Amino acid sequence: MKLRVKLSLMTGAALLFAAMLFIGLSFSMSRRTILSEAGRSAYAQSQAAFQSFENYCGRLAGGAGVQSAVYWLKSQEDEYTILLRDDEVCYNRTVLDPAELSENSPPRYGPQEAGLYRGRRLLVYRFDSDARFVFIHLVDVTDTYMGLYRLAAGQGLLSVVILAVAAAAVFYMLRRALKPLQALSDSANAIAAGAYDRRAPEEGRDELSGLGRDFNRMAAAVEEHIRRVEESEEQKTMFMASLTHELKTPLTAISGYAQTLRYAKLSEEDKDTALRYICSESSRLDRLSKKMLRLLELDRDVPLVMEPAPLAELAGAARDICLPAARDKGVGIEIGECPGSWPCDRDLLTQAIVNLVDNSVKACSQGGTVRIYVKDGALTVEDDGCGIPEEDIAHLTEAFYMVDKSRSRQSGGAGMGLALTSAILRRHGLKLRIESRMGRGTRAMIAFE
């Protein structure tokens with residue numbers, strides 16, 4: 001059963017109870033007032049009839065006898081009076097037996113409901129005459145009760161109409177008020193079916209609108225999480241494909257040279273060349289495996305031991321590590337002003353700077369220069385090398401991504417350096433920015449602020 005139907009039934013039950021209670025109280029008060037007014041009117045009518053009888057008896061000399069009293073009542077064609085004297089019936093043209101009244105002992109000057117006779121409802125009043133008569137007068141109040149019945153029926157019918165209209169209005173209002181819940185349910189089902197961009201309506205300022213806004217924030221977070229998961233899965237797939245490709249080339253070369261050494265007769269010079277190539281490719285695989293292990297360690301969010309380290313010392317350590325390779329290529333490494341310090345894992349941050357400097361050395365031709373300095377809250381590694389195409393800059397931190405694959409492999413690279421650098425900086429809460437122009441050089445900046 002839908003919520004609006006349940007609320008409509010509950011509201012209808014509450015309205016029905018309230019309507020019945022109101023009708024009951026209203027009818028009870030109206031009945032009391034009407035019957036009280038009818039009683040006063042009936043008593044006044046009976047009192048007037050008795051007073052006329054008393055006046056007649058008072059005008060007779062020596063008092064009224066039974067025959068004269070009966071004669072007067074017959075002359076009045078009175079069919080609503082019973083006359084008693086010494087407990088004997090003198091006159092009675094009513095439908096009542098005086099014995100029934102004596103059994104109930106009606107109070108003097110008080111009404112007694114005589115009941116329903118021949119479809120008529122009667123009230124009885126009893127008076128004691130000075131002429132030793134008991135004057136009992138009946139008043140027909142059938143019309144009063146019929147009016148009460150009509151009033152009850154009218155109130156009941158009016159209540160049914162009002163209740164039906166109110167129930168319809170409540171159902172309509174609940175349907176409109178709960179419409180956002182239905183839209184929210186539809187959105188939830190759509191998201192569950194895969195439409196992660198589906199959103200619920202947010203119109204209004206009530207609680208349901210607030211619920212819609214909260215739902216949309218949750219849906220946006222879920223969509224973002226799904227997007228990241230999909231990107232992660234895609235990156236993992238690309239990573240495995242790239243890794244397979246990177247491993248296949250050196251392994252094929254190693255296997256080929258090994259089989260040549262085993263089955264072919266080679267000169268000493270050819271043997272030396274084959275062994276040197278096997279050694280070179282084995283060293284590249286070793287470096288690749290170590291970088292991958294370090295990258296996996298960084299992704300596990302293992303807590304790092306942070307200690308303040310002067311930036312000048314970090315830059316100097318990176319230069320010392322890269323200086324031999326730079327000299328072999330004829331590239332100079334200069335260190336400018338590097339003031340300040342930064343809390344870090346010294347070895348990891350040094351490795352990050354080494355990767356940047358090593359890439360700059362590889363990008364420079366003979367006679368080029370790599371400069372390390374701190375400016376505007378960033379440690380900058382700048383070179384005057386060949387530069388990087390603008391469309392490649394956004395992909396530089398992806399694993400195995402290489403701008404010039406042939407040049408990278410010749411220099412022993414595998415496209416893991418900047419991916420590792422990005423992971424190290426991310427663990428330190430730092431950001432890597434790269435600016436480059438073709439033929440003008442590249443500037444890699446580690447932002448500390």
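Begin with the open sheet, in which 5 strands stand in the order β7-β9-β10-β12-β11 and the pairing is mixed. Select β7 (332–335) and β11 (431–437) next, since these are the edge strands, each of them pairing on one side only. On average, and with direction ignored, neighbouring strands of this sheet are turned by 15° against each other. Please keep in mind during the whole tour that this is a predicted model.

Stay at the β11 side and add strand β12 (residues 441–447) to the selection: β11 and β12 run antiparallel and are joined by 7 bridges. To find one of these pairings by residue, pick K431, whose bridge partner in β12 is A447.

**The helices on the sheet**

Now select helix α8 (residues 311–329) together with the sheet, and you will see that α8 packs on the sheet and touches β7, β9 (369–375) and β10 (378–383). The direction of α8 makes about 170° with that of β7. Helix α9 (residues 346–363) is the one to show after that, for α9 lies across β7, β9, β10, β11 and β12, and runs at about 20° to β10.

With both helices on screen, how do α8 and α9 cross? Their axes come within 8 Å and cross at roughly 30°, and the crossing in which α8 passes α9 is right-handed. To look into the contact itself, show side chains in α8, including L314, A317, I321 and C322, and in α9, including L349, I353, V354 and V357, all of which belong to the residues that meet there. Charged names can be picked out in the same contact as well, among them E313 and K329 in α8 and R346, D358 and K362 in α9. Taken as a group, the residues of this contact divide into 13 nonpolar, 1 polar and 5 charged.

**Cysteines**

Select the cysteines next, and ask how many disulfides the structure holds. The number is 0. C364, which is in no disulfide, has the sulfur of C386 as its nearest cysteine sulfur, 8.2 Å away, and because a disulfide would need the two sulfur atoms within 2.5 Å, that pair does not count as one. Is C364 buried or exposed? With a relative accessible area of 2%, C364 is buried, because buried means under 20%. C338 is likewise buried, and for C338 the relative accessible area is 9%.

**A second group of strands**

Move on to strand β5 (residues 134–140), which is mostly covered, as 6 of its 7 residues are buried. Strand β4 (residues 120–128) runs antiparallel to β5, and 7 bridges join the two; in this pairing D128 has V134 as its bridge partner in β5. Follow the chain between β4 and β5 and you pass through a hairpin with 5 residues between the strands, where R132 takes a positive phi near 65°.

Strand β1 also runs antiparallel to β5, joined to it by 4 bridges. Which residue in β5 is the bridge partner of L84? It is V134, the residue already selected as the partner of D128.

Finish with strand β1 (residues 81–85) and strand β2 (residues 88–92), which pair in the antiparallel sense over 4 bridges. Within this pairing, I82 has N92 as its bridge partner in β2. The two strands form a hairpin with 2 residues between them, and D86 in the turn has a positive phi of about 55°.

Terms used: Residues are numbered from 1 along each chain as its sequence is written. This is a predicted model: local features need pLDDT of at least 70, side-chain atom pairs count only at pLDDT 80 or more; totals for chains, interfaces and linings use all residues. Side-chain values use heavy atoms; hydrogens and water are left out. Two strands pair if DSSP finds at least two bridges between them. Buried means under 20% relative accessible area, exposed over 50%, partly exposed in between (1.4 Å probe, protein chains only). Axes are lines fitted to C-alpha atoms, for helices over the stretch in contact, and angles run from 0 to 180 degrees between N-to-C directions. A crossing is left-handed if the near helix is turned anticlockwise from the far one by less than a right angle, and right-handed if clockwise. Contact means heavy atoms within 4.5 Å. Ala, Val, Leu, Ile, Met, Phe, Trp, Tyr, Cys and Pro count as nonpolar, Asp, Glu, Lys and Arg as charged, and the others, Gly among them, as polar.
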